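Hi there,

Here is the structure I promised to pass on. Have a look at it first, and my notes follow below.

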Amino acid sequence: MMLYPPVAELVSKTGNRYQLVNLVARRARAISAAAEENGTILDKKPVSAAIDEVYTGKLTIEKR
């Protein structure tokens, strides 16, 4: 079974797996909360949307 997008590519965009999981979880919760607040029905699951945002470069980690 092939996962898309590949986890290795997502990890390379965030630095490590811990940061990837943390970033995706935070964004997924924000997407879910916004949809609930607005009464919006989501086309796809919040985690999938957050992963897509990381993969496309829309969502990144701020370097300090």
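At what angle do the axes of helix α1 and helix α2 cross? Please keep in mind that this is a predicted model. The answer is roughly 90°, with the axes of α1 (residues 7–14) and α2 (residues 17–38) coming within 8 Å. That crossing makes α1 roughly perpendicular to α2, because angles of 65 to 115 degrees fall in that class.

The residues that meet are Val7, Leu10, Val11 and Thr14 on the α1 side, and Arg17, Gln19, Leu20 and Leu23 on the α2 side. Sorted by class, this contact has 5 nonpolar, 2 polar and 1 charged residues.

Next, the pockets. The largest pocket holds about 230 Å³ of space. It is lined by 12 residues, of which Pro5, Val7, Leu10, Leu20 and Ile51 are the closest to its centre. Helices α1, α2 and α3 (46–56) each give two or more residues to that lining, and α2 supplies the largest share, with 4 residues. The lining has 9 nonpolar, 1 polar and 2 charged residues. Val7, Leu10 and Leu20 are worth finding on your screen: they belong to the contact of α1 with α2 and are also among the residues closest to the centre of this pocket.

The second largest pocket has about 160 Å³ of space. Tyr18, Gln19, Asn22, Leu23, Arg26, Thr60, Ile61 and Glu62 form its lining, which divides into 3 nonpolar, 3 polar and 2 charged residues. Here Gln19 and Leu23 turn up again, having already appeared in the contact between the two helices.

Happy browsing, and best wishes

Definitions and conventions:
Residues numbered from 1 in each chain as written. Predicted model: local features only at pLDDT ≥ 70, side-chain atom pairs only at ≥ 80, totals over all residues. Heavy atoms only, no water. Axes fitted to C-alpha atoms, helices over the stretch in contact; angles between N-to-C directions. Parallel < 35°, antiparallel > 145°, perpendicular 65-115°, else oblique. Contact = heavy atoms within 4.5 Å. Nonpolar A, V, L, I, M, F, W, Y, C, P; charged D, E, K, R; others polar. 1 Å grid on protein atoms, 1.4 Å probe; cavity = no way out; pocket = protein on both sides within 12 Å on 5 of 7 lines; lining within 4 Å. Points joined across faces, edges and corners; volume = space filled by probe spheres on them.
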